[in-house]
Amino acid sequence: MLKELILNNEEKIEKFNISYYLEKHNYSIVAALSALEATNEIQKCYFELQDKENRFNILKLYALLQSLFVSIDSLYALSYSLTKSKSFININKNQYLRELKYIRNDVVGHPANRMYNSSVLAYCILDKDSVNHKTFAYHIYSAKGIDRKCVDIPCIVSSYYEECNALLDELYNITKEEYRTTSLFQLAVDSLNLFDMGGNYLEKLQELKEVYLTSYPNATSNQHRLLWRLELIDELLAYTHSDPDIMDLAKYAIGIEIIKIYQLLTGQTYDVSINRRRPYLVSSFYRFLKKNPSAVIYIERLNDIKNPLFSSSIDALLDLAKQNTATGPIRYLSLLKELYREKKDALLYALALPIKDYKR
């Protein structure tokens, strides 16, 4: 299975006409494709070279982690160069590839000086004896204790190739013309205006989705951020809670997602009107952060459930809110903690986004 994925990847890369892009001086596309070809050779080599002495296994591991990291970066570069948009690729939704950047930085990038944020320093020590053809392990030492992480190598590599091959198919089929048609622009603007005015914005969003899928019939939310944002809106619409303030928060979060869709399609920043009312849970949290500026460092990780410090960041904010008897922030953070325990990633991301937007 993995061997077949790798061979398919080679074929898909070779379908692109590198000579054409060289003639057009489009070096960003050439560089991305060349990097994908080079890193693919490293990944092939890893599985072709069987286990020998432990030192060779460690050398192979370092090369593999770095090559996968470069491969993903090159995919983003290729996607943006061809489409001038970030909406075509959403690799972070794949939990294995999402964790890959952390694993690479832990083991290869900064093992002796790993900063998870501005206040947490950790040290990552590879268990050299654990390194073999299929797995390896390492320990993370920090003030919070010792954590052992085991990594399934074929699983990570297979996930990369499945995502990469699907995306290369999409990119190969696109034309040079701008995919962002006037129709999509207008539907995004109409959806936003109707939401603000309390109109039937859902009808416009459905129309926008249909137009988008007409242009890209094979598009999925794993690779297209616009479709992923629409799925988040569906999650928010289906969400129910007995607390009216939480439902007010969910409606506000829908508005943020529509703004994100507008920005994806237009490439323009949306300036929120000063008349846009923030729900109680959001406004009270902003007041809490203004009174406690030291707490701002914790909000950076609250939209990434896979971040090693996600849970501890919520706990730190919740402890501070309780010390200040901040009722709104306590209710808000308790909601996020509940969603985290229930592993409702999509809702957690969407409802935490207003906090993430605070610094902006």
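## Getting our bearings

A helix here is a DSSP run of H or I that is at least four residues long, and helices are numbered from the N terminus. With that in hand, we can place Thr 325: it sits in the loop between helix H12 (310–323) and H13. Keep in mind that what you're looking at is a predicted model.

## Two loop residues with positive phi

Let's stay with Thr 325 for a moment. Thr 325 isn't a glycine, yet its phi is positive, at about 50°. What makes that worth a look? Most residues other than glycine have a negative phi. Is Thr 325 buried or exposed? Its relative accessible area is 62%, and anything over 50% counts as exposed, so Thr 325 is exposed.

Now move along to the loop between H13 and H14, where you'll find Lys 343. Lys 343 is another residue other than glycine with a positive phi, this one near 60°. Lys 343 has a relative accessible area of 67%, which means it's exposed.

## H13 meets H14

Which helices flank the loop that holds Lys 343? They are H13 and H14, and these two pack together. The axes of H13 (residues 327–341) and H14 (residues 345–356) come within 9 Å and cross at roughly 155°. An angle over 145 degrees counts as roughly antiparallel, so that's the label for H13 and H14. Their crossing is left-handed.

Who does the touching? On the H13 side you have Tyr 332, Leu 335, Leu 336, Leu 339 and Tyr 340. On the H14 side you have Leu 347, Leu 348, Leu 351, Ala 352, Pro 354 and Ile 355. Sorted by class, this contact has 11 nonpolar residues, with no polar and no charged ones.

## H10 meets H11

Here's another helix pair. H10 (residues 244–266) and H11 (residues 280–291) have axes 8 Å apart and pack at an angle of about 90°. That angle falls in the range of 65 to 115 degrees, so H10 and H11 are roughly perpendicular. H10 brings Asp 245, Ile 246, Asp 248, Leu 249 and Tyr 252 to the contact, while H11 brings Tyr 280, Leu 281 and Val 282. The class count for H10 with H11 is six nonpolar, two charged and no polar residues.

## Two buried residues

Further along H11 you can pick out Phe 288. With a relative accessible area of 4%, Phe 288 is buried. Not counting residues up to four places away in sequence, Phe 288 touches Leu 317, Leu 320, Ala 321, Asn 324, Ala 326 and Pro 329. As for Leu 205, it is 83 residues from Phe 288 along the chain, and their C-alpha atoms are separated by 34 Å.

Now hop over to helix H4 (residues 54–83), home of Ser 71. How much relative accessible area does Ser 71 have? The value is 0%, so Ser 71 is buried. Leaving aside neighbours within four places in sequence, Ser 71 is in contact with Leu 36, Thr 39, Gln 43 and Tyr 160.

## A hairpin

Time for some strands. How many bridges join strand E3 to strand E4? There are eight, and E3 (residues 135–142) and E4 (residues 145–152) run antiparallel. A hairpin connects E3 to E4 through two residues. One of the bridge pairs is Ser 142 with Gly 145 in E4. As you look at the side chains here, a handy rule is that in a regular strand they alternate between the two faces of the sheet.

Note on methods
Residues are numbered from 1 along each chain as its sequence is written. This is a predicted model: local features need pLDDT of at least 70, side-chain atom pairs count only at pLDDT 80 or more; totals for chains, interfaces and linings use all residues. Side-chain values use heavy atoms; hydrogens and water are left out. Axes are lines fitted to C-alpha atoms, for helices over the stretch in contact, and angles run from 0 to 180 degrees between N-to-C directions. Angles under 35 degrees count as roughly parallel, over 145 as roughly antiparallel, 65 to 115 as roughly perpendicular and the rest as oblique. Contact means heavy atoms within 4.5 Å. Ala, Val, Leu, Ile, Met, Phe, Trp, Tyr, Cys and Pro count as nonpolar, Asp, Glu, Lys and Arg as charged, and the others, Gly among them, as polar. Buried means under 20% relative accessible area, exposed over 50%, partly exposed in between (1.4 Å probe, protein chains only). A crossing is left-handed if the near helix is turned anticlockwise from the far one by less than a right angle, and right-handed if clockwise. Two strands pair if DSSP finds at least two bridges between them.
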